[in-house]
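Trainee: I have a new model open and would like to learn how to read it. Can we go through it step by step?

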Amino acid sequence: MGGFMMLAFWGALIALVVFLVFRLRDNGTRPLDSDAQEALRRRFANGEIDEEEFRRRKATLDE
């Protein structure tokens with residue numbers, strides 16, 4: 001029983017480290033304004049805003 005518990009402990013520890021590494025890596029590589037630009041593109045594609053509004057907001061985001 002002791003061998004199984006040691007194996008379970010190390011397996012859980014390794015899984016936790018892998019999870020944290022992937023989580024931190026994903027959060028650090030994505031630009032913050034990409035979500036805003038994607039939302040702007042979606043709104044333009046759905047017809048919620050016209051081309052002039054799209055260009056004005058995109059220029060603001062690109063600054």
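Mentor: We will take the overall fold, then burial, then contacts, then the surface.

Mentor: This is a predicted model, so local features need pLDDT of at least 70, side-chain atom pairs count only at pLDDT 80 or more, and totals for chains, interfaces and linings use all residues. Residues are numbered from 1 along each chain as its sequence is written, and side-chain values use heavy atoms, with hydrogens and water left out.

Trainee: How many helices and strands does the chain have?

Mentor: Helices (H or I, at least four residues) and strands (E, at least two) are DSSP runs, numbered from the N terminus. Here there are 3 helices and 0 strands. The pattern along the sequence is α-α-α.

Trainee: Which residues does the SHOCT annotation cover?

Mentor: UniProt positions follow the numbering used here, feature names are shortened, and annotations may be inferred rather than shown by experiment. An unreviewed UniProt entry gives "domain: SHOCT" for residues 35-61. That span is 81% helix and 0% strand, and its end C-alpha atoms lie 11 Å apart.

Trainee: What span should helix α2 have?

Mentor: The expected span is 1.5 Å times one less than the number of residues. Helix α2 (residues 34-45) has 12 residues, so it should span 16 Å; its end C-alpha atoms are 16 Å apart, which agrees. Gly47 follows α2 and has a positive phi, near 85°.

Trainee: Is Glu53 buried or exposed?

Mentor: Buried means under 20% relative accessible area, exposed over 50%, and partly exposed in between (1.4 Å probe, protein chains only). Glu53 counts as buried because its relative accessibility is 18%. Of the 63 residues of the chain, 8% count as buried. Glu53 sits in helix α3 (residues 51-62). Its C-alpha is 9.7 Å from that of Leu40, and the two residues are 13 apart in sequence.

Trainee: Which residue forms a salt bridge with Glu53?

Mentor: A salt bridge is a side-chain nitrogen of Lys or Arg within 4 Å of a carboxyl oxygen of Asp or Glu. Glu53 forms one with Arg56, with the closest N and O atoms 2.6 Å apart.

Trainee: Why are Glu53 and Arg56 separated by about one helical turn?

Mentor: An α-helix has 3.6 residues a turn, so residues three or four places apart point the same way. Glu53 and Arg56 are separated by about one turn because they are 3 residues apart in helix α3.

Trainee: How many salt bridges are found in the whole structure?

Mentor: The search finds 6. Among them, Arg43 pairs with Glu48 (3.2 Å, N to O). Arg43 is partly exposed, at 31% relative accessibility. Lys58 pairs with Asp62, the closest N and O atoms being 3.0 Å apart. Lys58 and Asp62 are 4 residues apart in helix α3, so about one helical turn separates them. Salt bridges that share partners also join Glu53, Arg56 and Arg57 into one network.

Trainee: What nonpolar patch lies on the surface?

Mentor: Patches use residues with over 30% relative accessible area and no salt bridge; like charges are joined within 9 Å, nonpolar side chains (Val, Leu, Ile, Met, Phe, Trp, Tyr) within 5 Å. Areas come from the Shrake-Rupley method with a 1.4 Å probe; for residues, only the protein chains shown count as cover. The nonpolar patch is about 1,200 Å², and its residues include Met6, Trp10, Leu16 and Phe22. Leu16 belongs to helix α1 (residues 2-29). Leu16 counts as partly exposed because its relative accessibility is 45%. The chain exposes about 5,700 Å², with carbon and sulfur atoms supplying 63% of it.
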